[in-house]
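Me: Got a minute to go through this model with me? I'd like to get a feel for the fold before doing anything else.

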Amino acid sequence: MTNDSKRSNPFTRAIYEALLAAESVALAISEAETEFGGELSDDPLQQVEELRQGDLTPESFTKEKINILRDLAARLDPRINEETTSWVVLDECDLSGGYRETSTSPQGQALIMLRSSFLNLAKRLSDVVKLQEAERLAGTLRE
């Protein structure tokens, strides 16, 4: 298989994008741990321990792993909210009377990046799983 055909194969391309997303998760975990001064104290992270190195295995491409990643992302929301402050700025020149401003701490920014990387990887893994299911279904329909 030539390089061009590897890049044009949707299945291979989806796996490649999942591998890139896994690297982003590893970087986001590392940056979040740096911001918090050590390992993130979240037991659910142990369910995706291999992602600390950006590794994916064939077992990573399951609906269970996808759901774990989505759950981890959702669990970060309260922590992000704790690191976010909002306030209203009253402005007599503004026709609506004022506007809302929001500020997120560096720790909150790191958690936002981590949440985003979890959701991105979940999407990429889901793409691969759906392509696998499509191939299985196509084979069944061809019979």
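What follows is a quick chat about the fold, the surface and one helix of this predicted model.

Me: What's the order of helices and strands along the sequence?

Reply: It runs α-α-α-β-β-α, so the protein has 4 helices and 2 strands. The radius of gyration is 20 Å, well over the 15 Å the globule rule gives for 143 residues, so the protein is more spread out than a compact globule.

Me: And what box do the C-alpha atoms fill?

Reply: Roughly 70 × 40 × 30 Å, along the principal axes.

Me: How much of the protein is buried?

Reply: 30% of the 143 residues count as buried. About 9200 Å² is exposed, with carbon and sulfur atoms supplying 51% of that.

Me: Switching to charges: how many positive and negative side chains?

Reply: There are 16 positive and 26 negative ones, and the centres of the two sets lie 9 Å apart.

Me: Now H4. Why does its end-to-end distance agree with its residue count?

Reply: H4 covers residues 106–142, and at 1.5 Å a residue its 37 residues should span 54 Å; the end C-alpha atoms are 54 Å apart, which agrees.

Me: Which H4 residues are buried?

Reply: Among them are Leu111, Leu114, Phe118, Leu121, Leu125 and Val129. An α-helix has 3.6 residues a turn, so residues three or four places apart point the same way.

Me: What do the buried residues of H4 pack against?

Reply: Helix H2 (10–35), helix H3 (63–82) and strand E2 (98–104).

Technical notes: Residues are numbered from 1 along each chain as its sequence is written. This is a predicted model: local features need pLDDT of at least 70, side-chain atom pairs count only at pLDDT 80 or more; totals for chains, interfaces and linings use all residues. Side-chain values use heavy atoms; hydrogens and water are left out. The radius of gyration is taken over C-alpha atoms; the globule rule is 2.2 Å times the number of residues to the power 0.38. Buried means under 20% relative accessible area, exposed over 50%, partly exposed in between (1.4 Å probe, protein chains only). Accessible areas come from the Shrake-Rupley method with a 1.4 Å probe; for residues, only the protein chains shown count as cover. Lys and Arg count as positive and Asp and Glu as negative; His and the chain ends are not counted. The place of a charge is taken as NZ of Lys, CZ of Arg, CG of Asp or CD of Glu. The expected span of a helix is 1.5 Å times one less than its number of residues. Contact means heavy atoms within 4.5 Å.
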